[in-house]
Amino acid sequence: MTTTFEDLNAGDAIDGPTFAVSRESIRLFCDASLDYNPLHLDDDYMKGSFGKTNFGGIIMHGMNNFGLISRMLTDWAYPRGAIHRRLETRWVKPVRPGDTIRPLGIVKSKQVTKNSRWVLIDVLVRNQNDEKVATGEAMVEFPLDAAA
Amino acid sequence: MAQAEAFETDFWKDANLRKVWDDIVPGEPRKTIPYTLTRDAIELYCKSVGETHPIYFDEAYAKTTRYGGLIAPPSIHILLMFSCTPADDWMRSPGTVNAGQSWSYNIPARPGDVITLQARALDKFIKRERLFVVHDNVFFNQHGEVICSGRGQTIRPE
């Protein structure tokens with residue numbers, strides 16, 4: 001296992017947690033985030049169309065993907081003395097009850113600035129069919145005081 | 001969970017009071033409300049995404065870390081966005097679709113923090129017949145320190 005900034009290389013993988021999506025997990029995310037948008041609650045409403053899009057039923061919050069990616073990054077960063085500094089995401093495909101999703105990170109590059117050191121990471125979330133449901137980029141700081 | 005009980009979970013209620021895309025003025029500040037972040041709220045959020053790291057739960061452990069005490073996960077701004085805005089805020093409009101987000105993290109939010117939000121639409125545009133708004137959000141703690149800042153896009157319901 002790589003533990004220091006020096007040891008990290010482009011292509012290194014960061015494994016994220018498997019997350020089973022259910023009506024209950026979506027409802028819990030409503031209660032925890034206070035986001036009660038009917039997209040995540042109301043099947044009748046979701047039978048309708050949104051412009052050109054028809055979801056056919058309730059969908060998971062896009063920000064639930066964001067929270068899972070963030071969890072993967074912090075769980076990776078804390079034991080290395082590193083700090084999760086930035087996350088950018090886009091949603092590629094809706095996630096529905098019954099899906100199982102898992103975030104993944106791939107180290108893209110490293111950069112040293114005047115006062116610190118940074119790791120740029122490509123992130124994505126896949127479902128059980130290996131389809132990408134979210135993609136993005138993250139930035140983790142390895143402060144100089146954390147040098148091993 | 002007194003704060004959650006007071007929270008209006010029916011997003012259809014007050015829907016007529018909320019601004020639609022046509023009414024949103026880029027640059028105009030949104031109405032926001034201070035929010036006291038509790039340990040209960042952090043723990044509920046952690047449960048919803050499966051966070052188990054002791055830095056969010058175990059005070060004795062957290063004291064031994066660089067943070068010197070319990071913190072919230074960086075992504076707690078997902079909750080703060082709704083807890084720091086009133087019921088007539090247009091982020092609650094049913095059918096609002098999140099079209100992507102980027103967030104930068106400065107210092108962690110902590111249990112007991114009184115958190116404020118400065119927020120506005122920064123831009124709005126139409127693309128492939130869809131109505132987009134660009135969001136600009138910054139969360140501060142009670143000391144005026146930036147916790148995190150974010151930019152997002154939503155597709156507005158028609």
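Let's start with a hairpin in chain A: strands β4(A) and β5(A) form it, with four residues between them. Please keep in mind that this is a predicted model.

## The strands of chain A

In the first hairpin, β4 (residues 100-112) and β5 (residues 117-126) of chain A run antiparallel and are joined by 10 bridges. One position to look for is A:Arg102, whose bridge partner in β5(A) is A:Arg126.

Strand β5(A) also pairs with β6 (residues 132-141) of chain A, again in the antiparallel sense, over nine bridges. Here A:Arg126 turns up once more, with A:Lys132 as its bridge partner in β6(A). The hairpin of β5(A) and β6(A) has five residues between the strands, and A:Asp130 takes a positive phi near 65° there.

Pairing also crosses from one chain to the other. β3(A) lines up with strand β2 (residues 97-105) of chain B, antiparallel, over four bridges. On this seam, A:Thr89 stands opposite B:Gln101 in β2(B).

The table gathers these three pairings.

| Strands | Sense | Bridges |
|---|---|---|
| β4(A) and β5(A) | antiparallel | 10 bridges |
| β5(A) and β6(A) | antiparallel | nine bridges |
| β3(A) and β2(B) | antiparallel | four bridges |

## Where the two chains meet

How many residues of chain A are in contact with chain B? There are 34, and they touch 34 residues of chain B. On the side of chain A that touches chain B, α1, α3 and β3 (83-91) of chain A each supply at least two residues. The largest share of that side, 10 residues, comes from α3(A). Sorted by class, this side of chain A has 16 nonpolar, 10 polar and eight charged residues.

## A helix with a buried side

Helix α1 of chain A spans residues 23-33, and its buried residues are A:Ile26, A:Phe29, A:Ala32 and A:Ser33. Why do these four lie on the same side of α1(A)? Because they cover an arc of only 125° around the axis. As background, an α-helix has 3.6 residues a turn, so residues three or four places apart point the same way.

Both chains help to cover these buried residues: the cover includes α3 (62-77) of chain A, together with α2 (39-49) and α4 (77-83) of chain B. Just after α1(A) comes A:Leu34, which takes a positive phi of about 65°.

## The nonpolar core

The largest nonpolar core has 67 residues. Among those with the most contacts inside this core are A:Ile69 and A:Val140, along with B:Ile42, B:Ile76 and B:Leu80. Helix α3(A) gives the largest share of the core, seven residues. For a closer look, pick B:Leu80: leaving out residues up to four places away in sequence, B:Leu80 touches B:Tyr35, B:Ile115, B:Leu117 and B:Phe139.

## Chain B as a whole

Chain B has four helices and five strands. From the N terminus on, these elements run α-β-α-α-α-β-β-β-β. The C-alpha atoms of chain B fill a box of roughly 55 × 30 × 30 Å along the principal axes. The radius of gyration of chain B is 17 Å, which agrees with the value near 15 Å for a compact globule of 158 residues.

Buried residues make up 37% of the 158 residues in chain B. Of the contacts in chain B with a separation of 6 or more, 70% are between residues 24 or more positions apart.

How values were computed. Residues numbered from 1 in each chain as written. Chains lettered and ligands numbered in written order. Predicted model: local features only at pLDDT ≥ 70, side-chain atom pairs only at ≥ 80, totals over all residues. Buried ≥ 20, exposed ≤ 12 C-beta atoms within 10 Å, placed from the backbone. Arc of directions from axis to C-beta. Contact = placed C-beta atoms within 7 Å. Core = buried A, V, L, I, M, F, W, Y, C linked by C-beta atoms within 7 Å. Nonpolar A, V, L, I, M, F, W, Y, C, P; charged D, E, K, R; others polar. Pairing = 2+ DSSP bridges. Rg over C-alpha atoms; globule rule 2.2 N^0.38 Å.
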